[in-house]
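Hi,

Here is the structure I promised to pass on. Have a look at it first, and my notes on what turned up follow underneath.

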Amino acid sequence: MGAEVEVVARVAPPRAPGKKRTSTTLLHLLQLDNPDGVFVFAAAANKLPPPEPEPEAESLIDKIASCCRVFTFADDDAAERDAKLERLEEVLAAVRSSGKNQPPGLDHLVMVALVKMFAANLFRTMPPPATCPSVLAEAADEEAPSASLLPSWPHLQAVYDVLLAVIAAADAKALRNHIDRPFLTALLALFASEDPRERDRLKTAYHQLYAKLTPERAFMRRSMAAALLASVHECGGGVAELLEICGSIINGFAVPLKEEHRGFLLRVLLPLHRARWLHAYHRQLVYCVLQFVHKEPGLAGAVVGGILRRWPVTNCQKEVLLIDELEEIVDALDQRQFDALAAPICSRIARCATSCSSQVAERALYVWNNERFLEMASAGGAMERILPPFVASVEDNLERHWSKCVQQVTASVKALLLQVAPDLYDRCAADLAASRAEADARAAARDARWHRLEAAAEANADADLSSS
């Protein structure tokens, strides 16, 4: 181990005495010391040990290591918990000060200690979600408690502050060397936390890591897509926060979109409309979908078709949300695109206008208050295809809907339609009356046939009894 290895280097013999040297080199000096031309160097067999950390860095590493102890905040010593919080604040101050140095950066050994401390404090097994029953039962009640706050949040908050400071202080190369895919996967799993404060800090940290870890962006997008798809069938938290990250990423996509990005819309975002807890993240989902429609308006047909295929049957709150989304999509279309999609959109909205739920019916009728919708519906030949189903819904509501409020809104919509297209409305009403008369005639003929069959059956039964 401590032995020395002799390395023999042979060089050319010295030049003739009469030749002039043009420069003085190290080789010339060695030749002057040893005219035989043989030199022996001593080299240590072992590699040089890694440099010892600076005293300040060593003290910081010890302080970081002492923060790896996790408290349950149940029967723990309050003094020790307070001491850990103070050490975390000192670590945070040290990390922030290192980011102000030129060039910014953190020592390798400090980064190793920090990553271990993050894993010890943050990564944990999440309990099964306890808020799903209350979310489903009290979906419309915004005051219902839907989150459980962690008692250990003071420590977690400080750890997340340190994590954010590390991401800001370290350069991209240092982050790539210390934050690997298992770390990112474990960080993504924390979105299942029921504490909204943790999910908010986690959203910021994950988004900043996405911005700095350029080689891992594809992996992070795939991981988020898998987590979102799992939430379609399993109620879990963090979907809204993940969609906020995705919305920012989609906003930066270049046009024309890549096939991978279109697949994310069709295979991840649209299936999210199927979940029963859509209300928990619908606003963020609509933002992501509209980003795609704005970037490539040709995707509007696929978006509308995906929403209509996943239309709820018994969930009134989801119907209201989806009507809102269809209206926002219509606002993003031009006249040509609206003409192509007017029939399926307005057919669904017209059916919702006769819903037994007064909220759904009123929301569907209020679509006519949208100036953009009314303008595009009145232009071109779109009204010819839009108005017939709406006329049927309006007349049905005025005749038989149970809600007085719905009847009042329906009367206002009828007055508006008579003002916009009076001749077309009268023609549609006449066609509706004729079709209803034909339906009544067919029903009467069917009833008459049934009566004749019943009378013939009774006559045959009487004949059999008399013959027996």
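**Cysteines first**

Cys352 is buried, as its relative accessible area is just 2%. Keep in mind that this is a predicted model. Where is the closest cysteine sulfur to that of Cys352? It belongs to Cys316 and sits 9.8 Å away, which is too far for a bond. Cys68 is partly exposed, because its relative accessibility is 27%. Its sulfur has the one in Cys67 as its closest cysteine sulfur, but at 7.3 Å that is also too far for a bond. With a cut-off of 2.5 Å between sulfurs, the disulfide count comes to zero.

**The chain as a whole**

You have 468 residues to work with, and 40% of them are buried. DSSP gives 21 helices and two strands. Of the contacts between residues at least 6 apart in sequence, 75% join residues that are at least 24 apart.

**Around α8, α9, α10 and α11**

This is the part I spent my time on, so let me start with α10.

Helix α10 runs over residues 217–233, which makes 17 residues. From first C-alpha to last it reaches 26 Å, close to the expected 24 Å. Its buried residues are Phe219, Met220, Arg221, Ser223, Met224, Ala225, Leu228, Ser231 and Val232. Note that an arginine, Arg221, is on that list. What covers these buried residues? The cover includes α8 (181–189), α9 (196–212), α11 (239–251) and α12 (259–269).

Helix α9 also has 17 residues. It reaches 25 Å end to end, C-alpha to C-alpha, again close to the 24 Å expected. Buried here are Glu198, Arg199, Leu202, Lys203, Ala205, Tyr206, Leu209 and Tyr210. They pack against α6 (153–169), α8, α10 and α11.

Two residues of α8 show how that helix relates to α10:

- Leu188 is in α8 and is buried, since its relative accessible area of 10% falls under the 20% cut-off. Beyond residues up to four places away in sequence, Leu188 touches Tyr206, Ser223, Met224, Ala227 and Leu242. One of these, Ala227, is 39 residues from Leu188 in sequence, yet the two C-alpha atoms are 8.3 Å apart.
- Thr185 is in α8 too, but counts as partly exposed at 43% relative accessibility. Its C-alpha is 8.4 Å from that of Met220, with the two positions 35 residues apart in sequence.

Over in α11 there is Glu241. Is it buried or exposed? Glu241 is buried, because its relative accessible area is 12%, against a cut-off of 20%. Setting aside neighbours within four places in sequence, Glu241 is in contact with Phe191, Arg199 and Lys203. Both Arg199 and Lys203 are among the buried residues of α9.

**A pocket in the same area**

The second largest pocket may be of interest to you, with a volume of about 370 Å³. It is lined by 19 residues, and the closest to its centre are Ala189, Ala192, Glu234, Gly236 and Gly237. Which helices supply at least two residues of the lining each? Those are α8, α10 and α11. The most comes from α10, which gives four residues. Sorted by class, the lining has 14 nonpolar, four polar and one charged residues.

**One more arginine**

Away from that group of helices, I also looked at Arg81, which lies in α3 (residues 78–99). At 17% relative accessibility Arg81 counts as buried, because the cut-off is 20%. The C-alpha of Arg81 is 9.6 Å from that of Arg69, a residue 12 places from it along the chain.

**If you only open a few things**

I'd begin with α10 and its buried residues, Met224 among them. Next, go to Leu188, which touches Met224 from α8. Then turn to Glu241 and its contacts with Arg199 and Lys203. After that, the second largest pocket, where α10 gives the most to the lining. The two cysteines can wait, given that the disulfide count is zero.

Cheers

Terms used: Residues numbered from 1 in each chain as written. Predicted model: local features only at pLDDT ≥ 70, side-chain atom pairs only at ≥ 80, totals over all residues. Heavy atoms only, no water. Expected span 1.5 Å × (residues − 1). Buried < 20%, exposed > 50% of the residue type's maximum accessible area, 1.4 Å probe, protein only. Contact = heavy atoms within 4.5 Å. 1 Å grid on protein atoms, 1.4 Å probe; cavity = no way out; pocket = protein on both sides within 12 Å on 5 of 7 lines; lining within 4 Å. Points joined across faces, edges and corners; volume = space filled by probe spheres on them. Nonpolar A, V, L, I, M, F, W, Y, C, P; charged D, E, K, R; others polar.
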